[in-house]
Every structure is written in structure tokens, then in C-alpha cells.
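This report follows the strand pairing, the nonpolar core and the surroundings of one arginine side chain. Please read it alongside the coordinates.

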Amino acid sequence: MVDPLQSPEEVEGRTERRRFVLEETGFDEVPKRYRKFYRKWRGPGDQLGPNEAICPVCKVVIRSSRELWPGDRLYCMPCMSRLVVVESADGTLEARVSY
């Protein structure tokens with residue numbers, strides 16, 4: 001049997017989108033069911049993973065079970081913002097408020 005967390009996914013000619021197993025991080029500002037999808041930003045030394053984006057409104061890190069690509073939509077439950085992932089000028093991914 002193939003492990004669904006390791007199988008590649010075809011998306012618009014791209015080779016594969018990595019999947020991640022999320023564990024609870026102790027983030028207590030959302031209901032228990034959704035805590036694994038958020039974590040607190042730990043400051044300047046903190047690095048985001050390929051499945052994470054920081055909310056520009058409330059500075060909470062939003063986590064996904066899949067690798068984030070430009071065009072992906074995110075929802076920040078703590079501040080109720082709708083976000084879209086975009087590629088910045090320096091080539092990194094960032095979340096921006098969707099209008």
C-alpha cells in the first residue's frame with residue numbers, strides 16, 4: 001500500500017507537492033480541533049517551513065499539511081483574515097490579505 005503522505009501530486013505541470021504530518025503546537029487561541037494548523041511566531045530567529053506562512057495581520061504562523069505554492073488560499077482563524085500566498089520580489093513566499 002502506498003503511503004498517501006508521501007505520494008506526489010500533479011498540479012499545473014509542477015512535479016510534486018510535499019505533504020507534512022502536523023502535530024499540536026500548544027496554540028490555544030483557536031478550538032482544539034484546529035490547533036495543529038497554527039503556532040506562535042518565535043521572533044527574528046524563527047524560520048518558516050515550506051508549509052508555513054505568517055499572517056500579516058496578527059503575526060501568527062499558519063501551517064498546512066501540504067507545501068504552499070503561489071495562489072494557495074489560507075484562512076487565519078485568530079484574526080478571521082482571508083489570505084493568498086504570493087511570491088515576493090526576493091523569491092520567497094508570503095501571505096497577503098485577499099480582497
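## The nonpolar core

A nonpolar core is here a set of buried Ala, Val, Leu, Ile, Met, Phe, Trp, Tyr and Cys residues joined through side-chain atoms within 4.5 Å. The model is a predicted one, and in it the largest such core has 13 residues, with Tyr38, Ile62, Leu74 and Leu83 making the most contacts inside it. The elements that each give two or more residues to this core are E3, E4 and E5. In soluble globular proteins, nonpolar side chains tend to be buried together.

Ile62 illustrates how this core is connected: leaving aside neighbours within four places in sequence, Ile62 is in contact with Phe37, Tyr38, Asn51, Glu52, Ala53, Cys55, Leu74, Tyr75, Cys76 and Leu83. Among these partners are Tyr38, Leu74 and Leu83, which are themselves listed with Ile62 as having the most contacts inside the core.

## The three-stranded sheet

Three strands in the order E4-E5-E6 make an open sheet with antiparallel pairing. Its edge strands are E4 (73-76) and E6 (93-97), each of which pairs on one side only, and the twist from one strand to the next averages 40°.

E4 and E5 pair in the antiparallel sense over four bridges, and Cys76 stands opposite Ser81 in E5. The hairpin of these two strands has four residues between them, and Met80 takes a positive phi near 60° there. Strand E5 (residues 81-87) is joined to E6 by five bridges, again running antiparallel; across this pairing, Val84 stands opposite Arg96 and Val85 opposite Ala95. The hairpin of E5 and E6 has five residues between the strands, and Gly91 in its turn has a positive phi of about 90°.

## The setting of Arg63

Where does Arg63 lie? Arg63 belongs to strand E3 (residues 60-63). Arg63 counts as buried because its relative accessible area is 14%, whereas the cut-off for buried is under 20%.

Leaving aside neighbours within four places in sequence, Arg63 is in contact with Leu22, Glu23, Thr25, Lys36, Phe37, Tyr38, Arg39, Asn51 and Glu52. Two of these partners also appear in polar terms: the Arg63 side chain reaches the backbone oxygen of Glu23 at 3.1 Å, and the Arg63 side chain makes a polar contact with the side chain of Glu52 at 3.4 Å. As a further distance, the C-alpha atoms of Arg63 and Phe20, which are 43 residues apart along the chain, are separated by 9.6 Å.

How values were computed:
Residues numbered from 1 in each chain as written. Predicted model: local features only at pLDDT ≥ 70, side-chain atom pairs only at ≥ 80, totals over all residues. Heavy atoms only, no water. Buried < 20%, exposed > 50% of the residue type's maximum accessible area, 1.4 Å probe, protein only. Contact = heavy atoms within 4.5 Å. Polar contact = N/O pair within 3.5 Å; in protein donor to acceptor, adjacent residues only side chain to side chain. Pairing = 2+ DSSP bridges. Axes fitted to C-alpha atoms, helices over the stretch in contact; angles between N-to-C directions.
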